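Here's a quick tour of one helix and the empty spaces in this model. Have the viewer open and follow along.

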Amino acid sequence: MKLKQYQVDAFAERVFEGNPAAVCPLDAWLEDGLLQSIAMENNLSETAFFVPTEDGFHIRWFAPVAEVDLCGHATLAAAYVIFAEQGYALPEIVFQSHSGALTVSRGAEGMLVMDFPAVEPVRCAPPPLLGPALGRDPAEVWQADDFIAVYEHAEHVRALRPDFARMRALGLRGVVATAPGDGEYDFVSRFFAPKYGIPEDPVTGSAHCALTPYWAQRLHKSRFLARQVSRRGGTLLCELQGKRVLISGRAVKFSSGEITLPAPTSAL
């Protein structure tokens with residue numbers, strides 16, 4: 001059995017930037033273990049699978065070691081494939097997912113605009129392992145799906161050298177480090193999720209579902225140009241609209257081809 005597969009750099013202006021995601025269009029769902037094996041074999045931070053429905057698509061995302069409930073960059077990559085490679089004619093894609101209905105629409109100047117649920121973070125006491133895991137104590141700590149470690153300066157975030165063994169012992173999905181921007185960007189961030197097989201994610205759309213409400217409250221504005229300052233780096237345009245976050249970015253195809261799946265074994 002062969003499947004079409006694309007690799008797309010999301011939140012990127014050109015290849016080798018942003019966050020690479022694999023995208024597999026399906027006619028019908030395969031067995032979960034096979035989907036997980038494909039994601040493990042790809043060894044990217046996420047592989048997105050989607051199936052057509054009557055009014056759009058059903059999408060699922062798999063990290064190398066587990067399925068996740070929401071992924072921004074792989075949703076952007078999947079939308080790019082549907083629009084650019086499959087010739088989808090409507091201006092908006094509706095994805096059904098574990099996180100509810102998500103839409104992606106065509107924006108200005110080649111941007112794709114994702115409509116995601118906002119997640120209000122709550123301030124919390126720093127877990128004892130958090131500072132040692134990051135290599136520097138944050139000024140304050142919040143939590144949503146991840147711990148959010150807030151630093152005073154962008155350079156503090158860039159200079160972090162995490163201890164991933166310690167980070168795996170923390171609760172929640174992962175750790176976001178963030179600080180005010182030091183140039184054209186309103187804020188910067190990095191994201192770490194070693195327990196999902198992702199030591200550092202290059203660009204993380206889902207983390208901005210919580211970062212956008214945090215910075216909206218702190219900076220008293222609703223629209224932000226954000227930069228994830230990983231080694232590859234990526235730029236996101238984020239806007240808080242009530243209980244939703246609009247996250248915009250560009251995507252670039254790196255490759256397309258086929259993957260070959262093993263034939264099912266027959267029972268004796």
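## Helix α1 and the voids

At the start of α1, Glu-31 puts a side-chain oxygen within 2.9 Å of the backbone nitrogen of Gly-33, which fits the polar-contact cut-off (a pair of N or O atoms within 3.5 Å). Before going on: this is a predicted model, where local features need pLDDT of at least 70, side-chain atom pairs count only at pLDDT 80 or more, and totals for chains, interfaces and linings use all residues. Residues are numbered from 1 along each chain as its sequence is written, and side-chain values use heavy atoms, with hydrogens and water left out.

Helices (H or I, at least four residues) and strands (E, at least two) are DSSP runs numbered from the N terminus. Helix α1 covers residues 32-42, and its buried residues (under 20% relative accessible area, 1.4 Å probe, protein chains only) are Leu-35, Gln-36, Ile-38, Ala-39 and Asn-42. Looking down the axis of α1, these fall within an arc of 155 degrees, so they line one face of the helix; the arc is taken from the directions from the helix axis to the C-beta atoms. Met-40 and Glu-41, on the other side of α1, are exposed, meaning over 50%.

What do the buried residues of α1 pack against? They pack against β1 (2-10), β2 (19-25), β3 (47-53), β4 (56-62), β5 (67-68) and β18 (251-260), with contact meaning heavy atoms within 4.5 Å. Just after α1, Asn-43 has a positive phi of about 55 degrees.

Now the voids. On a 1 Å grid over the protein atoms alone, a cavity is a set of points where a 1.4 Å probe fits but cannot get out, while a pocket is an open set with protein on both sides within 12 Å along at least five of seven lines; lining residues have an atom within 4 Å of a point.

| Void | Volume |
|---|---|
| Largest pocket | about 260 Å³ |
| Second largest pocket | about 170 Å³ |
| Largest cavity | about 120 Å³ |
| Second largest cavity | about 40 Å³ |

The largest pocket has 18 lining residues, and the closest to its centre are Asp-69, Leu-70, Asp-145, Asp-146 and Arg-173. Both β5 and α6 (208-219) supply at least two residues of that lining.

Residues lining the second largest pocket include Asn-19, Pro-20, Leu-44 and Ser-45.

For the largest cavity, 15 residues form the lining, with Glu-46, Arg-173, Phe-191, Ile-198 and Ser-206 the closest to its centre. Arg-173 also lines the second largest cavity, along with residues including Met-167, Phe-192 and Lys-195.

Key. A polar contact is a pair of N or O atoms within 3.5 Å; within protein, one must be able to donate a hydrogen and the other to accept it, and residues adjacent in sequence count only if both atoms are side-chain atoms. Grid points are joined across faces, edges and corners, and a volume is the space filled by probe spheres set on the points.
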